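The exercises below are meant to be worked through with the sequence and the model side by side. Try each task yourself before you read its solution.

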Number of protein chains: 2
Amino acid sequence: MEDKAKIQEAIKVQGEVVRKLKSEKANKEQIDEEVAKLLELKARLGGDDGKHQFVLKTAKGTRDYNPKQMAIREKVFNTIINCFKRHGAETIDTPVFELKETLTGKYGEDSKLIYDLKDQGGELLSLRYDLTVPFARYLAMNKITNIKRYHIAKVYRRDNPAMTRGRYREFYQCDFDIAGQYDAMIPDAECLRIVHEILSELDLGDFRIKVNDRRILDGMFAVCGVPDDKFRTICSTVDKLDKMPWEDVKKEMVNEKGLSEEAAEQIGEYVSMQGGKTLAERLLQDHKISQSKQACAGLSDIKLLFSYLELFHITDKVVFDLSLARGLDYYTGVIYEALLTQAGVAQISTEAQNGATSEENVSVGSVAGGGRYDGLVGMFDPKGRKVPCVGVSIGIERIFSIMEQKAESSAEKVRTTEVQVMVASAQKNLLEERLKLVTELWNAGIKAEVMYKKNPKLLSQLQHCEESGIPLVAILGEQELKDGVVKLRVVATREEADIARDHLIGEIRRRTSEA
Amino acid sequence: MEDKAKIQEAIKVQGEVVRKLKSEKANKEQIDEEVAKLLELKARLGGDDGKHQFVLKTAKGTRDYNPKQMAIREKVFNTIINCFKRHGAETIDTPVFELKETLTGKYGEDSKLIYDLKDQGGELLSLRYDLTVPFARYLAMNKITNIKRYHIAKVYRRDNPAMTRGRYREFYQCDFDIAGQYDAMIPDAECLRIVHEILSELDLGDFRIKVNDRRILDGMFAVCGVPDDKFRTICSTVDKLDKMPWEDVKKEMVNEKGLSEEAAEQIGEYVSMQGGKTLAERLLQDHKISQSKQACAGLSDIKLLFSYLELFHITDKVVFDLSLARGLDYYTGVIYEALLTQAGVAQISTEAQNGATSEENVSVGSVAGGGRYDGLVGMFDPKGRKVPCVGVSIGIERIFSIMEQKAESSAEKVRTTEVQVMVASAQKNLLEERLKLVTELWNAGIKAEVMYKKNPKLLSQLQHCEESGIPLVAILGEQELKDGVVKLRVVATREEADIARDHLIGEIRRRTSEA
């Protein structure tokens, strides 16, 4: 087995790490992570009985959701799903794993983050990395050329988890996509409208949606003298502009990617530009960029897009930003990204600064992104038939973190159940009567609970109501049974009233619909 | 690469299989499966260009859910979740994979069906096999001693898939469990009440809930002379009684498991017994079984359970059945299983008979099961502290199959979106006006769609409404714009009325809340 001495040595070192962090008053979550490592080592050492000690934890980079987190999650999902439904979306589901081959060649360098299943003498399988590639596979496989669908499900990336910054190896994606051959920019504009609606409704503070187009980027690279075969790699470097200053980006272009100083300078001028419809119009007149047909096509579409965004009343938050690049290979047209610009985000990034390199802080506000990918479905079709698609993915984990923090700091308690009434008794030997009454309530569709004890104390029944936010208690006693009534108590005010048994259900409905 | 000639030979053989099935008029799904295999072979052969052809399929034993299936799934989930909430349950979520070690030693022989992830130089991970073991791990890890929770999520088993019979390698489980030290049989009875409510509300036809107790089984084995170390294996054999006749079960006990003929005969007598509270009372007087303390404890609890089931008004469907054994090792007390006894089930089992061995048909009606497992949480606690638990798992995939068949055979169309109104135009050049109006509707929270075309034909807009069940169309034309009205058309009746623009939202709300 394991070398006991080695583990003991590791425990010593890890103990030092924890002590150091504590003395430096590092943030709580970071300390917790290191303490967990320490406990794991100690567990490996085993007890005195020499028995193998079980490591009680979830897999690295994953977490359980407790009832309170689930209640918040449900609320966020409902807001998002309602918005998707308001825009007429259907939903589909795909398996959590795909043939490995399906994912191959779709994610560039990030392919190394794909989780493979063990080869157990069958097909080679991988956990899905996102919902977009399974969606494209689904469209090609079922020969679907028109669909507006949402898909909310977990995806998997073997990234170095930074859980204190809300990054996990297992996390949810919330995708909305429109597939089909339509007139330019109408579905694209609706995707932006959806982002706007969701971020407004979730009330996460102010936000901005950056928009650009891959064809503009490519055209800009061409007119600035970037060789064709360097478009993608230069694009990746531009993508870092939200994480590092221009000077560093330029250095990477010149020193690492071998771009000329002048080309880099010219790119630098363009990527500093931000604006709206008029910027697109101005660039269409720009003597240089207008030489690129591609760029012109992109710029005209941006112009058209903004005219639709005006009709959708969302131009206040949308900005045409030539520095927006986005990492994924498969985008072919419009791309966009939404960022939170205040409030909750500030807290998160402050927290992130402990132990995080500065690069990772700046883009922490990104909560949605997407774009047009007209070629992906064709990669799956045996005859290469294309289905144009545009979509958006909501960065739900970051939103959860913010909502959780809001809930923490709010005075209002998050309820984890929806129980309307607790059936209780003040005296002994009334279990049967309690079960009879709770059955009546369940039959009427009322959410009701009873304690699983023969003779619970009234106080502990009332305490349970206080703790879990149950608004009403229906109390039974000998006298009430004799009189054919139930004592209905309002937990918040402690008011009590005798209600005739026949009227109880109506009374509970009346009181809980008021709330 | 692959030997072309070999694949061509395989294609020939597979072609024969498909032709034969078609000539025999085998069921559609079976033919589809074989056709899929044929297509896969053809894909492997590749095109004339010699390029590697992509196999366009989901992993073996998995499937996509299309929008119609999702709509049905959502309906079923809502019914189940509402019931869980009515009984005061919270919900949690756990990761899709666990440390391999967490699952080890929990599932007996079935452990071979666990999906392992590839060892990529980190922890050894496995996909969860059920939701019960992760729940127990969660309780132990968080030192929770009291909770009533539901969990709806996918689980994974590398079983030989029989997809035509609704069995998959990836499938949903819907679990409800009550953890905590309570007075006997109260939570157990509530679990049965929940099964009763759900199966009644889903309207799946008549059903029965079989109940037994592990202690009664063990006591019975003891008094019939089964050696202690054979309890579990004999229990597994008894568990097959719903799939094979007593004679075969007896043969397995005597010939394979080495039980004496007399012992087997005695077991045979007991396991043929079915009844209710009075059967439990009679067995408590039985000179033989009453010699076992364990059995008596179990029988007393069954008696008590039935007295609570009477108060819950569900004894009409519950039967105490001594042949019920259930496979899982971790049960320690009451066990139960719900079976559909008519209607939808008949269709499924008829279908299943094609290509299925007769053994697999009989138990096809099982749609829920569970029991008490007081030792599982203790297996995870470093100090072995026990948390008594009882729970139930709803066999949701089988229920989906039945609901899908019901939907197929019903005249009513399953809607996959909730769109209330389509914003349309009869004339050209009204895209802007349509976008303006749809924005007004979205702002008012109305579910509305617009076609992504500059100048769609009115007919194609109306057709879309017919196909997707949208009840209303708001039609804009030059004249309507001039008059400040919108023509509101009821799709079903083709009635049209001019509505003042200011009143449109109210009118749409009124008409769609009526429906």
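**Exercise 1.** Which residues of H5(A) are buried?

*Solution.* Begin with the ground rules: this is a predicted model, in which local features need pLDDT of at least 70 and side-chain atom pairs count only at pLDDT 80 or more, while totals for chains, interfaces and linings use all residues. Residues are numbered from 1 along each chain as its sequence is written, chains are lettered from A in the order in which they are written, and side-chain values use heavy atoms, with hydrogens and water left out.

Next, fix the terms: a residue is buried under 20% relative accessible area, exposed over 50% and partly exposed in between (1.4 Å probe, protein chains only), and helices (H or I, at least four residues) and strands (E, at least two) are DSSP runs numbered from the N terminus. With these terms, the buried residues of H5(A) are A:Thr132, A:Val133, A:Pro134, A:Phe135, A:Ala136, A:Arg137, A:Tyr138, A:Leu139 and A:Ala140. Because nine of the ten residues of this helix (residues 132-141) are buried, H5 of chain A is largely enclosed by the rest of the structure. Just after H5(A), A:Lys143 takes a positive phi of about 50°.

**Exercise 2.** Describe the surroundings of A:Thr94, and state whether this residue is buried or exposed.

*Solution.* First locate A:Thr94, which is found in the loop between strand E1 (90-91) and strand E2 (97-99) of chain A. Its relative accessible area is 1%, and therefore A:Thr94 is buried. Then list the contacts (heavy atoms within 4.5 Å): leaving out residues up to four places away in sequence, A:Thr94 touches A:Arg128, A:Pro134, A:Arg137, A:His151, B:Asp64 and B:Lys154. A:Pro134 and A:Arg137 are among the buried residues of H5(A), whereas B:Lys154 forms a salt bridge with A:Asp93, the closest N and O atoms being 3.0 Å apart. A salt bridge here is a side-chain nitrogen of Lys or Arg within 4 Å of a carboxyl oxygen of Asp or Glu.

**Exercise 3.** Characterise the interface of chain B and chain A, asking how many salt bridges cross it.

*Solution.* Start with the extent: 92 residues of chain B are in contact with 92 residues of chain A. The two chains bury about 8500 Å² between them, 59% of it on carbon and sulfur atoms, where buried area is the accessible area (1.4 Å probe) that two parts lose on being put together, summed over both. B:Leu56, B:Trp442 and B:Tyr452 supply 11% of the area that chain B buries against chain A, more than any other three residues.

Now turn to the salt bridges, of which the rule finds 16 across the interface. The largest share of the side of chain B that touches chain A, eight residues, comes from helix H17 (residues 431-443) of chain B.

**Exercise 4.** Place A:Arg501 within chain A, and say which residues it touches.

*Solution.* A:Arg501 lies in the loop between strand E16 (496-500) and helix H20 (504-514) of chain A. Not counting residues up to four places away in sequence, A:Arg501 touches A:Leu437, A:Glu440, A:Leu476, A:Leu481, A:Gly484, A:Val485 and A:Val486. A:Arg501 and A:Asp483 are 18 residues apart in sequence, and their C-alpha atoms are 9.2 Å apart in space.
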